[in-house]
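Trainee: Could we go through this structure together, one question at a time, with the reasoning spelled out before each answer?

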Amino acid sequence: MSKRDYYEVLGVTKDASEKEIKKAYKKLAMKYHPDRNPDNPVAENNFREVKSAYEIVNDAEKRQQYDDFGHSAFDESGQSRRGGFGQQGGGFDDMFGGMFGERQQQQPRYQPQPEKGSDIIATIEISLEEAVEGCVQEIKLPNNPQLLKVTIPAGIDTGQRVRINGKGNPGTLGGGHGDLLVEVSLLEHDVFRREGRDLYCLIETPFTTAALGGSLKVPTFAGFINIKIPQGTQAGRKFRIKGKGIKSMNNGLIGDLIYEVVITTPTELTEKQRGLLEQLAELF
């Protein structure tokens, strides 16, 4: 197969200057370089052709011989048939200073990195007593038949979470597991209502006790206690017992136990009771 004219290969005229030849070579070498055209035999052949052309026409003596005798002045390796001229002209690596190799060393291709797995969020319901005292709950994780025991600290509230390290989803490429986040929801209690660290309790108070005063037996988590009801107590009045609420999970502060008076009125009266109340009403 006949070789193409070297000036045609480089896209320059026969009287092109050294600067024009270098500029044309640089543009074509960048275009056809194997690093930019992996597994492309056409681009590889074009690159070799451009490189061969540049090695001849960029060398003054070789260029003169090529202008005089054409391709016949050189053997297959590009060496002159008329005595040789030492080393070949500067090639692609000389011009670009090993640019592609250096770039590959300085900016290696992206390599996937190990990544930690995502967290798993599990929601559980516990009683107010369990929240006050703390407890141990069993959690079933997705795709895992075994139950995991989780310690719920005393004082936890609805919406708060317990983190268990390394019990989440597996990572990629050897990355560690994510975490398990156990979010708590408190069940409604029959007697007490929680607000932060404080506990509230409605206490039914007979209207006679509220009017005359007296002692009333009220519940706590530890049993029952008696509190004093002053004479003339009105519905909605609150009695606060300091430090009998819930101990905070975060800072250890303890809330209060607050009783709110609800006046109870009898729905059925005996004749004697009705008579006495009517007398009382007349006095008022």
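Trainee: In which strand is the place of Ile152?

Mentor: This is a predicted model, in which local features need pLDDT of at least 70, side-chain atom pairs count only at pLDDT 80 or more, and totals for chains, interfaces and linings use all residues. Residues are numbered from 1 along each chain as its sequence is written, and side-chain values use heavy atoms, with hydrogens and water left out. Helices (H or I, at least four residues) and strands (E, at least two) are DSSP runs, numbered from the N terminus. By that numbering, the run of residues 147–152 that holds Ile152 is strand E3.

Trainee: Does Ile152 count as buried or exposed?

Mentor: A residue is buried under 20% relative accessible area, exposed over 50%, and partly exposed in between, with a 1.4 Å probe and protein chains only. Ile152 touches Ile124, Ile126, Gly134, Cys135, Gln137, Val162, Val182 and Val184, where contact means heavy atoms within 4.5 Å and residues up to four places away in sequence are not counted. Because its relative accessibility is 1%, Ile152 counts as buried.

Trainee: How many Å apart in space are Ile152 and Ile126, C-alpha to C-alpha?

Mentor: Ile126 is among the residues that Ile152 touches. The two are 26 residues apart in sequence, while their C-alpha atoms are separated in space by 9.5 Å.

Trainee: Why does the distance between the end C-alpha atoms of helix H2 agree with its expected span?

Mentor: The expected span of a helix is 1.5 Å times one less than its number of residues. Helix H2 covers residues 18–32, which is 15 residues, and so it should span 21 Å. The two values agree because the end C-alpha atoms are also separated by 21 Å.

Trainee: Is Asp39, in the loop after H2, buried or exposed?

Mentor: Asp39 has its place in the loop between H2 and helix H3 (41–57). Its phi is positive, about 60 degrees, although Asp39 is not a glycine. Most residues other than glycine have a negative phi. Because its relative accessibility is 82%, Asp39 counts as exposed.

Trainee: What is the relative accessible area of Leu173?

Mentor: Leu173 lies in the loop between strand E4 (161–164) and strand E5 (180–186). Its phi is near 55 degrees, a positive value in a residue other than glycine. Leu173 is exposed, because its relative accessible area is 58%.

Trainee: What separates the C-alpha atoms of Glu115 and Gly175 in space?

Mentor: Glu115 is in the loop between helix H6 (99–106) and strand E1 (120–126). Leaving out residues up to four places away in sequence, Glu115 touches Gly171, Thr172, Gly175 and Gly176. Although Glu115 and Gly175 are 60 residues apart along the chain, the separation of their C-alpha atoms is 4.7 Å.

Trainee: Which residues is Ser215 in contact with, leaving aside its neighbours within four places in sequence?

Mentor: Ser215 lies in strand E8 (residues 214–220). Its relative accessible area is 53%, and therefore Ser215 is exposed. Once its neighbours within four places are set aside, the residues in contact with Ser215 are Asn226 and Ile227.

Trainee: What percentage of the residues of the protein chain count as buried?

Mentor: The secondary structure of the protein chain comes to nine helices and eleven strands. Within helix H2, the buried residues are Ile21, Ala24, Tyr25, Leu28, Ala29, Met30 and Tyr32. Over the 284 residues of the protein chain, the share that counts as buried is 33%.
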